[in-house]
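Got the viewer open? Load the model and keep the selection box handy.

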Amino acid sequence: MSFAKKITGLGAVALLALGLAACGSDDTNKDSGTDTGAKTESVGKSVKYKITGIDPGAGIMEATERAIEEYELTDWDLVSGSSAAMTAALKKAYDKEDPIIITGWTPHWKFSKYDLKYLEDPKGAYGGAEEIRTIGRTGLEKDLPEAYQILQQFKWTEEDMGTIMVAIEEGEKPEVAAQAWVDDNADKVAEWTDGVEKVDGDKIKLAYVAWDSEIASHNVMKIVLEDMGYNVTLTQVEAGPMWTAVADGSADATLAAWLPITHKTYADKYEGKFEEIGVNMEGVKIGLVVPNYMDIDSIEDLKE
């Protein structure tokens, strides 16, 4: 059977919900209310051969398409939607201990709230540990040297970012959560601004994708740059337009370049049209994620 790439649209989220409901009504599952049914049938059948994804243009979706092909998962569909729809589907399934497979990445608050695990990737379809890099338009260092230096010195940890992501997920406004972190981490912010002179209203535009991690980082950087005298505009777009904006100069920079795997397509497409400013976080990861209560450990197991 030849491989056919499958991505269904937003409407498929409803189908996924029906599939999960049907799974929960299995006779083997009535008494326990857990995923017992998933243990007596294949994982694929238990989730109706659906992987719950996010925005169709996201790099992790492209990586998952490649994984589906590499592992010859010909019966599987990748359901596109949004990060919010994915986490809503996860919560619904997790609360009932129903099976679900999602596209996941760290850092993300869901790993703090739920007991989750990455499926092993023996073929390396998702690559190893990644980096979140800061990239800028060509000429940025010459035009905005002070901002360039701050962006170059910007580095933090998953724990730093996690504090903000959890606060936002619990209902705090992004700018308020970011300000609280900045107030509590003056020493770290001072490292980013070390040796930098303040400016007087210079304009800078940052573009970012609507991932919880990037909402956190860009709201923090907006505060830091504004404290240094910049007039900052944040623009939230999808991954493709974000890279295009930096490449064509309509955005000055982004802190949200996930490389070398997640955004490889865009980095290759715009090679020579952007500058790598620095790595702002190391050891990040993408892959397929399931709740720990599911009896599955590897992407290879999805073929069963």
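Here's a short tour, from the whole chain down to one helix pair.

This is a predicted model, so to speak of local features we need pLDDT of at least 70, and side-chain atom pairs count only at pLDDT 80 or more, while totals for chains, interfaces and linings use all residues. Residues are numbered from 1 along each chain as its sequence is written, and side-chain values use heavy atoms, with hydrogens and water left out.

**Whole protein.** Colour by secondary structure: there are 14 helices and ten strands (DSSP runs, H or I of at least four residues and E of at least two, numbered from the N terminus). Of the 304 residues, 51% are buried (under 20% relative accessible area, 1.4 Å probe, protein chains only).

**The core.** Select Ile 101, Trp 156, Val 220, Met 221, Leu 225, Trp 243 and Leu 302: they have the most contacts inside the largest nonpolar core, which has 96 residues (buried Ala, Val, Leu, Ile, Met, Phe, Trp, Tyr and Cys joined through side-chain atoms within 4.5 Å). Strand E10 (residues 274–291) gives the largest share, eight residues. Domain 1 (46–128 + 288–303) and domain 2 (131–283) both contribute, so the core lies between them; the bounds come from an automatic or database domain assignment.

**The helix pair.** Now show H8 (residues 145–153) and H12 (residues 212–227), which pack at about 140° with axes 11 Å apart (lines fitted to C-alpha atoms over the stretch in contact, angles from 0 to 180 degrees between N-to-C directions). Add side chains for Ala 147, Ile 150 and Leu 151 of H8, plus Met 221, Val 224 and Leu 225 of H12: they make the contact (heavy atoms within 4.5 Å).

Definitions and conventions:
Buried < 20%, exposed > 50% of the residue type's maximum accessible area, 1.4 Å probe, protein only.
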